[in-house]
Amino acid sequence: MLMFNNEPGTFLTEGFGGAVHKSANFLKRAVLITLFSALGFMLSAPSLVQAEDLQEGTPAEQPSTNVQPVNTAAPAELIASSVPENQAPAKANTQTGDGLEIGPEIIGQPVRQSTLLAPTINDVFIGNTSISGGNLVRDRVGGKVVRATVYVTLKAKDGTVKATVSVTPTSGTTWTVNLPAGVEVAEGDTVTAYQELNGNKSPVTDPVESKPSLAGQNKDKLNMPSGEIWIEQYVANIVNADEKAEAIDLLKKANPTIAKDIKSVEFKISGVDSKIASYIVTYTDKSKTGEIQAPGLTIKRVTETSRSPEIDSITVVDNVVKGKLAEPGPFDGIKVQLILNVNKAKSDQYSTENKCTVDKDSSKPIEVTLQDDGTFSYSLQERESLTLDQIVGVSVKEPHKFVSCSTTTVKPAKVEKTEVRDPRKLTDNDKKAIDAAIRKAYTVNGESKLPNGTGDWKEVPAVIQFDGSGNVKIFSGNDVAGTWDPDNDFKFVPEKNEDGSVKLKNGAEPKITIPAKDLLKNIKPKTPVIAVDTDKGEVTITPPAYKDPGDDTDLLSYTVTYKDASGAEKTVTATRDLQTNKWSGPGVNEESGVITLSVEDVELAGTIKATAKDNGGLEGDTDKLDSDPASKTLETATVSYDRNGGTGEMKGKTVNKGVEYEILPNAFTAPANEKFRTWQIGTTEPKAGNKIRVKEDTTIKAIWQDIEVKVTYNANGGSGNMVGKTLKKGSKYTLLDSTFEAPDDTQEFKAWQVDGQEVAPGTQITVTKDTEVKAVWKKIQVKVTYNANGGSRNMTGATVDKGSKYPLAANGFTAPENKEFQGWKIGDTEYAAGDEITVNEDTEVKAIWKDIEYKVTFDGNGGTGKMDEQTVKKGDSFKLPANGFTPPAGKEFKGWQIGNEIYKVGQSITVNRDVTVKALWKDKPVPSTATPGEGTPGNQAKPQPQNQAAAGKLSRTGANGMYSLYASLLLLATGGLFIISRRRRNQR
């Protein structure tokens, strides 16, 4: 119930019911209506006091003329109540959409808000016999975790409850309930759920409607595979991971269209003598099939063993493990796994007989890729390493066969042979390179595998020594002689030999011995050098260096071959004495072994070749090696003659570069108007008979003396300078762009004039005489355009010479509505049509429009005085003013007259022309002095009321009667307010 509080505009809520307060409300509204009615009566007094109006209508429709005073003694009788005071409140809708009822005891009472979250419901699939969800609430009570109970209701499409089940999970945050036997989810079913914990209930979830599942949709589409699948643990019905993967692949291949919908598959076999395969499929929407047998899938027992792998020899420093499967191929579907470190103590378990069992202390298997030729390899990754005597295993699993495996043991490192020029005379650099190669070969991931020192000798590396034949012995760092430095925490200090090498203890034996032949590789000698000196015209062949350590000290000889100028084959062999270093052979320098040839003695573009030979290497490498052949083909150059515009022919010559050539006399005929002056080669001007050394293609050009002509430029009234050109008569010349300044700012460059013809810059002309190129100027053209500036139609402008006079045209535009042409405007300056302007640039002439105006004048029409005329824009509205004339005698103002129309003061007119407004007068009324009915034209009788009865009633009621009525209404309103105030106080 609502009631007024002590403060204006506030309400108190006291529950449902309360007829008394509703009556007070109703009375309050009635009183307000009465007050407004009273005010209405007062404002309409002149019409209400008409007696006949008061008597019209039915008593129920009209207020009574007999107004009674307000009865203040019984205010309750004046209060209208729309609801009985003791009537019960309307009953609320107690049925919710989920079928739960809200008891009447909660109506009007505070509702306790549940803090328990509702559970969630997973997709409900048609055909399901269980329902699941999540968002399970947990709490800790007495130190133990308790979980909510989930209540689930399954309803049919028509609202019938098919099942009500509950579950209290013991772990996790998800829940699953099983429907009663024989009940399953059907199309149109809905599921709701809520959870309860510690007496607190969650809200009920929104209904979740059942929907088709992939399991249901694919029920008749799912094909079980057929064929064979091989099982190793056939008797025990155990399926390993590889076999499961094969079974799943068979299922997906049998169902290509729905394979994408399959999330996971469970495969198993059962039976004793006759094996049966079955599948359980889970789809991507989490729907699942039951167990489906695959009778077409035959279970085969594995009986054969895979082929054995062969592993290459592995050294302690290898980072790649390689191997190969026994032939024949193909090798499709074969799985190869590598065990980098097989536990030595249980290496017997890693065998084919024991199914290649990997001990827990062995490294994890690594699957490697098998190539098409049956080979495989694996590169060691970071933190993987090999040690001496480490066992490496590899297993092979062929389809439908048992696994087989084999092992190999890590061996010492192989040292890469060091290339040397002379294996019999090792240099210090050779020994350093061999030492480094050994240490490098025995280092893996920064860790040395050599017998380095241990204990007190921990900081001493293994010692590598060479004997006179280049053989190597490697001693342990513990075999180094030395002392302990008391001043440096007794750190071991190795003792040195006179040559700076580390001294070993007496009787020390090498831990590793490597013969020189396993460390050294003889390399072929360097190639002789062939050089051509075109300045001297010589070819020199120089043998490779052979004296100092590191040179080809075992160099025996070198051979040179070429063809002479006649084309005959020539061979020269230079032989070295290994004891004296002296050379012998035809044309060979005894000391340097250099052979020198003349380029003129070698055939044109001939090729010279030279090859060196050494004394061979050590055991297993004794072949005498030849160097790469040096080859040099003589370059040729052509001497030719250039007539340079003359006529005739002169024959040149092709020679080996470096040959001397004698210049011939001129045999060309000079061009017209020219004569021979000299020969020219580059920038030199040799004469006939001079000899030149030909080092490159050489052109001997005839130089003629030319007839010269000039091209000059004429500004033709312009200003500035342009440089012409002096050139040979008959030459082509391209006219330049003009750089002259025009004679004035009204002109611009047009073209060049050559021999009376206008030609454009860039034109190529033939100059046969001194030629003047004259500038041609033209007037600059500018445009005059007209802008309608809001008008319509078009006006044609003009194109005129810059700086010329131009008379402005008469207006040809159509003016905007209610406008007329005033003139032209250019920039900020106004002009009249016909005005002459000077045009120095493109000019826009804009029309100027002005408003059309009319006069409104006033005619006193016999009255006196004057009223000022008014100016009004065409089409504007004009409000007629009050009369300003003095009326004629006996007259008074009646109105205004325009044409035949009469207007009142303040009335508006639309002005579309000049207007004369004439005053209208009427006779002024004169007060009557005659008796009624005796009026004269100048003194008419006062009109009498037509309804005499009404007049009589009015006189009987009069103003006093109306005032009584108003007073009664106000008194009634005041009494009502008093009663409301008293009832409110009583109720409080």
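**View 1. The exposed side of helix α5, in a predicted model.** Start with A241 and K253, which are exposed on one side of α5, away from its buried residues. Keep in mind that everything here comes from a predicted model. Helix α5 covers residues 241-254, so you are looking at 14 residues in a row. From its first C-alpha to its last, α5 reaches 20 Å, close to the 20 Å expected at 1.5 Å a residue.

**View 2. The buried side of helix α5.** Now look at the other side of the helix: which residues of α5 are buried? They are E243, A247 and L251. These three cover an arc of only 80 degrees around the axis, so they sit on the same side of α5. The spacing fits a simple rule: an α-helix has 3.6 residues a turn, so residues three or four places apart point the same way. And what do the buried residues of α5 pack against? Their packing partners are three strands: β13 (227-231), β14 (262-270) and β15 (276-283).

**View 3. The hairpin of β14 and β15.** Two of the strands that the buried residues of α5 pack against, β14 and β15, also form a hairpin with each other. They pair in the antiparallel sense, over eight bridges. One pair to pick out is K268 with its bridge partner in β15, S278. Five residues lie between the two strands, and in this turn G271 has a positive phi of about 110 degrees.

**View 4. Strand β15 and its other partner.** Is β15 mostly covered or mostly uncovered? It's mostly covered, with seven of its eight residues buried. Besides pairing with β14, β15 pairs with strand β16 (residues 292-293), again in the antiparallel sense, over two bridges. S278 turns up here as well: its bridge partner in β16 is Q293. So that you can place S278 in both views, recall that it is also the bridge partner of K268.

**View 5. An open sheet of three strands.** Here the strand order is β19-β20-β23, and the pairing is antiparallel. The strands at the edges are β19 (309-311) and β23 (375-379); each has a single partner strand, so one side of each is left without a neighbour in the sheet. From one strand to the next, the twist averages 25 degrees. Zoom in on strand β20 (residues 320-325) and you'll find five bridges joining this strand to β23. Look for K324, which stands opposite T375 in β23.

**View 6. E853 and its contacts.** E853 is found in strand β64, which runs over residues 853-859. Buried, exposed or in between: how does E853 sit? With a relative accessible area of 49%, E853 is partly exposed. Leaving aside neighbours within four places in sequence, E853 is in contact with T871, V872, K873 and K874. Take K874: this residue is 21 residues away from E853 along the chain, yet their C-alpha atoms are separated by 5.4 Å.

**View 7. Stepping back to the whole protein.** How many helices and strands are there in the protein? The count is seven helices and 70 strands. Of the 988 residues, 33% are buried. Among contacts with a separation of 6 or more, 60% involve residues 24 or more positions apart. The accessible surface comes to about 59200 Å², and 47% of that belongs to carbon and sulfur atoms.

How values were computed. Residues numbered from 1 in each chain as written. Predicted model: local features only at pLDDT ≥ 70, side-chain atom pairs only at ≥ 80, totals over all residues. Heavy atoms only, no water. Helix = DSSP H or I, 4+ residues; strand = E, 2+ residues; numbered from the N terminus. Axes fitted to C-alpha atoms, helices over the stretch in contact; angles between N-to-C directions. Buried < 20%, exposed > 50% of the residue type's maximum accessible area, 1.4 Å probe, protein only. Contact = heavy atoms within 4.5 Å. Areas by Shrake-Rupley, 256 points an atom, 1.4 Å probe, with all protein chains shown as cover. Expected span 1.5 Å × (residues − 1). Arc of directions from axis to C-beta.
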